[in-house]
Amino acid sequence: MKTLRFIEMALLAVVLCVNFAACSDDDDEPQTPSNLIGTAWVGTNPNTGFEVEVSIKNDTKCVVTVYKPNSTDLYDQEECAYLYSETTGAFSCEYDGYTITGKIEGNRMELTDKYGTYTLTKK
């Protein structure tokens, strides 16, 4: 009887340990296209000092808004067509006659434009 209780307690301890094991964080996994709609991503381009916001309107259009450095004054705003790959997280859009490329992973959007690479975070 004592041995049976010891085995039960050992099994219970193993089960409890398994329940506390953490799963991998899915913040780095690509977003689904439907999850992107309505999101906004913001950050400062360190190469220019401009604050950048990318708002996803629907499955093909986004709005790129650029604010003057250290200001809330609008510099430029443009509705753009974008492409997104759910499998790779690759993102690209045409803004101001240039192609901006990047990748979305979890709550981060890394973009590269003609000035360099920078990161936006999901609002």
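A residue counts as buried when its relative accessible area is under 20%, as exposed when the area is over 50%, and as partly exposed in between. D96 has a relative accessible area of 45%, so D96 is partly exposed. With this vocabulary in hand, the rest of the structure can be toured step by step. The model described here is a predicted one.

The overall plan comes first. The chain holds two helices and eight strands. Read from the N terminus, the order of elements is α-α-β-β-β-β-β-β-β-β, with both helices ahead of the strands. The chain has 123 residues, and 27% of them count as buried. Looking at contacts between residues at least 6 apart in sequence, 33% join residues at least 24 apart.

The interior is a good place to look next. In soluble globular proteins, nonpolar side chains tend to be buried together. In this model, the largest nonpolar core contains 20 residues, and V54, C62 and F91 have the most contacts inside it. At least two residues of this core come from each of β2 (51-56), β3 (61-67), β4 (74-84), β5 (90-95), β6 (98-105), β7 (108-113) and β8 (116-122). For C62, the list of partners can be followed in full. Setting aside residues up to four places away in sequence, C62 touches V54, S55, I56, K57, E78, E79, C80, Y82, F91 and C93. Both V54 and F91 appear among these partners.

How many cavities of 30 Å³ or more does a search of the whole structure find? The search finds one. About 30 Å³ of space lies in this largest cavity. Two elements, β2 and β5, each give two or more residues to its lining. The residues around the cavity are V52, V54, V64, F91, C93, I100, L111 and Y118. By class, this lining divides into eight nonpolar residues, with no polar and no charged ones. V54 and F91 therefore have two roles to keep in mind, as residues with the most contacts inside the largest core and as part of the cavity lining.

The largest pocket has a volume of about 300 Å³. β3, β4 and β6 are the elements that give two or more residues to the pocket lining. In total, 16 residues line the pocket, and V66, Y95, D96, D113 and Y115 lie nearest its centre. The pocket lining is made up of 10 nonpolar, two polar and four charged residues. D96, the residue met at the start, is thus partly exposed and is also among those nearest the pocket centre.

The strands β5, β6 and β7 can be followed by eye from one to the next. β5 and β6 pair in the antiparallel sense over six bridges, and E94 stands opposite T99 in β6. These two strands form a hairpin with two residues between them. D96 is in the loop between β5 and β6, and it has a positive phi of about 55° although it is not a glycine. β6 then runs antiparallel to β7, joined to it by five bridges. This second hairpin also has two residues between its strands, and here G106 takes a positive phi near 60°.

I104 gives a closer view of β6, the strand in which it is placed. Its bridge partner in β7 is M109. Is I104 buried or exposed? With a relative accessible area of 0%, I104 falls under the 20% cut-off, so it is buried. T88 is 16 residues from I104 along the chain, and their C-alpha atoms are separated by 8.6 Å.

Two further residues, L74 and N70, bring the view to β4 and the loop before it. L74 lies in strand β4. The relative accessible area of L74 is 48%, which lies between the two cut-offs, so L74 is partly exposed. Apart from its neighbours within four places in sequence, L74 is in contact with T65, V66, Y67 and K68. L74 and E51 are 23 residues apart in sequence, while their C-alpha atoms are 9.5 Å apart in space. N70 is placed in the loop between β3 and β4. Its phi is near 55°, a positive value in a residue other than glycine. N70 has a relative accessible area of 84%, over the 50% cut-off, and is therefore exposed.

Note on methods
Residues are numbered from 1 along each chain as its sequence is written. This is a predicted model: local features need pLDDT of at least 70, side-chain atom pairs count only at pLDDT 80 or more; totals for chains, interfaces and linings use all residues. Side-chain values use heavy atoms; hydrogens and water are left out. A nonpolar core is a set of buried Ala, Val, Leu, Ile, Met, Phe, Trp, Tyr and Cys residues joined through side-chain atoms within 4.5 Å. Buried means under 20% relative accessible area, exposed over 50%, partly exposed in between (1.4 Å probe, protein chains only). Helices (H or I, at least four residues) and strands (E, at least two) are DSSP runs, numbered from the N terminus. Contact means heavy atoms within 4.5 Å. On a 1 Å grid over the protein atoms alone, a cavity is a set of points where a 1.4 Å probe fits but cannot get out, and a pocket is an open set with protein on both sides within 12 Å along at least five of seven lines; lining residues have an atom within 4 Å of a point. Grid points are joined across faces, edges and corners, and a volume is the space filled by probe spheres set on the points. Ala, Val, Leu, Ile, Met, Phe, Trp, Tyr, Cys and Pro count as nonpolar, Asp, Glu, Lys and Arg as charged, and the others, Gly among them, as polar. Two strands pair if DSSP finds at least two bridges between them.
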